[in-house]
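I sat down with this one to go through it piece by piece. These are my notes, in the order I looked things up.

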Amino acid sequence: MATIKANAPAKVNLTLHVTGQRDDGYHLLDSLVVFADVADQISASIAPDLRMTASGPFSTGVPTDHTNLIMRAAEALRTVRGVTKGVALTLEKHLPHSAGIGSGSSDAAATLAMLAELWQVAPLPATAPEVVALGADVPVCVGAPRPVRMSGIGDMLSPVVTLPDCALVLVRPPVDVPTASVFQGLVSKNGSPMSELPEGLDYDGFVHWLRAQRNDLQTPAEAIAPEITEAIAKLKSLPAVSVAGMSGSGAACFALVKDMATARHVARIVQVAKMDWWVAPAALL
């Protein structure tokens, strides 16, 4: 079989409510997750062993050994399905890592799907223990990229109503925020869940609903990295931006706007003002 290629789209948490903590330390979450058309690219071809290389604008610092989620995903599928073949994986890294947009998790999910096809074995479902073990954001990235409500420890996935037409601007200031430190900074770990998303919302109705939700990790992340506060303030200062917030545990932030033309306009304004920030207009998948 020839080389297989796949996109691994950015995952954006438009909301992220922390609703509890289990005895084993895992936090319980409630989040509206969407996927954007900015993505990493991955290719795979049969090889005698497991190996990977990384290139692209954000490849610096990306491990290519068994510590990478891509390699861990490959090893998990290979073990569960009893595969004896190997694979050569190539990652073209366009999404910033450690940014709260699930780039590593999306890479792992795309790898699982690709390798099931390449090795001609049954894919692992999102609920498989081996998938959940790869991290809280991996299950939501398995399958077709569409809006979904993610709860539990990331393992409970529920479809949501059709969202109105809209677009995003993704922004990441040049700062890393350790996820563990953000969770440690939580004042309360027993917040209220996300409110139900009503059917038939137009853009203004969705904006009104979204403004009433939270990302409980934003405050502790801002305490670690004031650049996040600056990024959100910059986005909110632009009249075309309806809602701005942080995705996941940061440091990437998002702006919700009406359409892609507006997203491109807002992205240009931000990029000119902040040349060292990663800025990307993005359509929802």
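How many aromatic pairs does a search of the whole structure find? I got 1 aromatic pair. Note to self before going on: this is a predicted model.

**Aromatic rings**

The pair is F206 with W209. I read 6.1 Å centre to centre and 10° between the planes, which makes the pair stacked. Why are they about one helical turn apart? Because they sit 3 residues apart in helix 6, which covers residues 203-211. The general rule fits here: an α-helix has 3.6 residues a turn, so residues three or four places apart point the same way. I also checked burial, and both F206 and W209 are buried.

**Cysteines**

Next I looked for disulfides across the whole structure and found 0. I wanted to know why C141 has no bond, so I looked up its closest cysteine sulfur: that of C166 is 18 Å away, too far for a bond. C253 is in no disulfide either, and its nearest cysteine sulfur, again in C166, is 18 Å off. I then asked whether C141 and C253 are buried or exposed. C141 has a relative accessible area of 10%, so I put it down as buried. C253 comes out at 1% and counts as buried too.

**Helix 9**

I moved on to helix 9, residues 260-273. Its 14 residues reach 20 Å from first C-alpha to last, close to the 20 Å expected at 1.5 Å a residue. Which of its residues are buried? I listed A263, V266, A267 and V270. Looking down the axis of helix 9, I see the buried residues fall within an arc of 105°, so they line one face of the helix. What covers those buried residues includes strand 8 (167-172), helix 8 (226-236), strand 10 (253-257) and strand 11 (278-283).

I turned the helix round as well. The face away from the buried side carries R268 and V272, which are exposed. For R268 the relative accessible area is 52%, so it goes in the exposed column. I also noted that R268 and V279 lie 11 residues apart in sequence and 8.4 Å apart in space, C-alpha to C-alpha.

**Helix 1**

Helix 1 takes in residues 69-81. I checked its length: 13 residues at 1.5 Å a residue should span 18 Å, and the end C-alpha atoms are 18 Å apart, so that agrees. I have L69, I70, M71, A73, A74, A76 and L77 down as buried. What do the buried residues of helix 1 pack against? I wrote down strand 3, strand 4 (50-55), strand 5 (86-92), helix 2 (103-118), helix 3 (129-132) and helix 4 (138-141).

**Strands 2 and 3, and S151**

Since strand 3 had come up, I followed it. Strand 2 (residues 17-21) runs antiparallel to strand 3 (residues 27-47), and 4 bridges join them. H17 has D30 of strand 3 as its bridge partner. The two strands form a hairpin with 5 residues between them, and in the turn G25 has a positive phi of about 100°.

D30 turned up again when I looked at S151, a residue of strand 6 (residues 148-152). Setting aside neighbours within four places in sequence, I find S151 in contact with L29, D30 and M156. Its relative accessible area is 15%, so I logged S151 as buried.

How values were computed
Residues numbered from 1 in each chain as written. Predicted model: local features only at pLDDT ≥ 70, side-chain atom pairs only at ≥ 80, totals over all residues. Heavy atoms only, no water. Expected span 1.5 Å × (residues − 1). Buried < 20%, exposed > 50% of the residue type's maximum accessible area, 1.4 Å probe, protein only. Arc of directions from axis to C-beta. Contact = heavy atoms within 4.5 Å. Pairing = 2+ DSSP bridges. Disulfide = S-S within 2.5 Å. Phe/Tyr/Trp six-rings, centres within 6.5 Å; stacked < 30°, edge-to-face > 60°.
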